[in-house]
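Colleague: Before planning further bench work, I should like to go through this model with you. Could you take my questions in turn?

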Amino acid sequence: MTEATTVGFCGIELAHPIINGSGTFDAIAARRVFGDELLERFPFAAFVTKTVTVEPRAGNPPPRLWELPAGLLNSIGLPNRGLAGFLEHDLPVLAELPVPLIVNVMGFTRDQVATLVAAFAERDEVAALELNVSCPNVETGMLMGADPRETAALVERVRPLTAKPLIVKLTPNAADVPAVARAAQEAGADAVSLINTLRGMALEPASGEPALGGITGGVSGPAVRAIALAQVHAVAAAVSIGVVGMGGVQRGRDAADLMAAGADLVAVGTESFRDPMAGLRVATELVALPVSGAGAVV
Ligand SMILES: Cc1cc2nc3c(=O)[nH]c(=O)nc-3n(C[C@H](O)[C@H](O)[C@H](O)COP(=O)(O)O)c2cc1C
């Protein structure tokens, strides 16, 4: 990579524009497997953690994954150690990564999200926060990210709690995603990221029963690439804050397309399960693209 590919995002300097999608690269497990080699050739310009919740979560019953003709259906259910466990066990290891750390958080009430944001606001190891709004607010019964007013109320609640950049990870399962993105911007978000997985379902061919323990799951991978492109294009036209585009990125060409649609950074998700070094490969391919792709990078 050359100097020319350095990108600024929400005041953070990144070596290139490729990061990971939350929950699709376990940096702690990868460090165990690859050792310090992982730190020398880290595949992403920033690392986004899996979603952290206030309380520990075991996740959904198995089966949790189902392969689709052009993608993946997952119903992992956000297993994580919870805030205290993350701070004690995960954060010290993730702080050793050679790239800025973005912590992804989710709560079932605005107060829970506020607790998480306030806790990470104090941690120097954390460069930015990503709010996963693809979950129901148990107090209002609404998906936090499905409605502009609901999203605005959440961002307004947590904005005063931190000076760190706040990235709102939009849900594609909303009637008007650009309206939600605008509401997030007006309430003080520094960036939006999209797309999260789309709700889907599969049946076991033999039994006709749901294939996943969680019944429904989230669709990701190449199957969602065209949807991601359309949503990133619409959202980038609607906001003036940063945009992280993701959904089905496998090659530099896919990343260049999302950037041409208006993304400032691109995240690699499902592809990292097939190739743990996919992030670095996509970044390298992006730089090597002729004019339009390379132009989009700088
Ligand atoms: C197995 C799996 C786990 C995921 N876990 C999370 C998560 O914890 N938090 C989150 O915000 N998004 C999560 N995502 C969504 C991804 O970050 C990304 O938005 C989505 O998969 C689209 O990108 P892709 O098609 O490149 O995978 C997960 C996706 C997958 C496939």
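The discussion below covers the sheets, the helices, one loop residue and the ligand shell.

Modeller: As a preliminary, this is a predicted model, in which local features need pLDDT of at least 70 and side-chain atom pairs count only at pLDDT 80 or more, while totals for chains, interfaces and linings use all residues. Residues are numbered from 1 along each chain as its sequence is written.

Colleague: Which strands stand at the edges of the open sheet of eight strands?

Modeller: Strands are DSSP runs (E, at least two residues) and helices likewise (H or I, at least four), numbered from the N terminus; two strands pair if DSSP finds at least two bridges between them. The sheet has parallel pairing and the order E3-E14-E13-E10-E9-E8-E7-E4. Each edge strand has a single partner, so one side of it lacks a neighbour in the sheet; these strands are E3 (18–20) and E4 (47–48).

Colleague: Within that sheet, which residue of E10 stands opposite Val 168?

Modeller: Strand E9 (residues 166–169) and strand E10 (residues 191–194) run parallel and are joined by three bridges. Opposite Val 168 stands Val 192.

Colleague: In the sheet of four strands, by how many degrees are neighbouring strands turned against each other on average?

Modeller: This open sheet is antiparallel, in the order E5-E6-E12-E11. Its edge strands, E5 (65–68) and E11 (198–201), each pair on one side only. Axes are lines fitted to C-alpha atoms, for helices over the stretch in contact, and angles run from 0 to 180 degrees between N-to-C directions. With direction ignored, the average turn between neighbouring strands is 35 degrees.

Colleague: Which residues of E11 point to one face and are buried?

Modeller: A residue is buried if 20 or more other C-beta atoms, placed from the backbone, lie within 10 Å of its own, exposed if 12 or fewer, and partly exposed in between. In a regular strand, side chains alternate between the two faces of the sheet. Along E11, Arg 199 and Met 201 point to the other face and are not buried, whereas the buried residues are Leu 198 and Gly 200.

Colleague: What distance separates the end C-alpha atoms of helix H7?

Modeller: The expected span of a helix is 1.5 Å times one less than its number of residues. Helix H7 (residues 225–238) has 14 residues and should therefore span 20 Å, which agrees with the distance between its end C-alpha atoms, 20 Å.

Colleague: Against which elements do the buried residues of H6 pack?

Modeller: Seven of the ten residues of H6 are buried, among them Val 177 and Val 180. Residues are in contact if their C-beta atoms, placed from the backbone, lie within 7 Å. The packing partners of the buried residues of H6 are helix H5 (148–158), E9, E10 and H7.

Colleague: Is Pro 136 buried or exposed?

Modeller: Pro 136 lies in the loop between strand E8 (126–132) and H5. Leaving aside residues up to four places away in sequence, Pro 136 touches Phe 108, Gly 141, Met 142 and Leu 143. Because 12 other C-beta atoms lie within 10 Å of it, Pro 136 is exposed.

Colleague: How many polar residues does the shell around the ligand have?

Modeller: The ligand is surrounded by 26 residues (C-beta atom, placed from the backbone, within 6 Å), and the closest include Gly 21 and Ser 220. Ala, Val, Leu, Ile, Met, Phe, Trp, Tyr, Cys and Pro count as nonpolar, Asp, Glu, Lys and Arg as charged, and the others, Gly among them, as polar. Beside eight nonpolar and two charged residues, the number of polar residues is 16.

Terms used:
Two residues are in contact if their C-beta atoms, placed from the backbone, lie within 7 Å.
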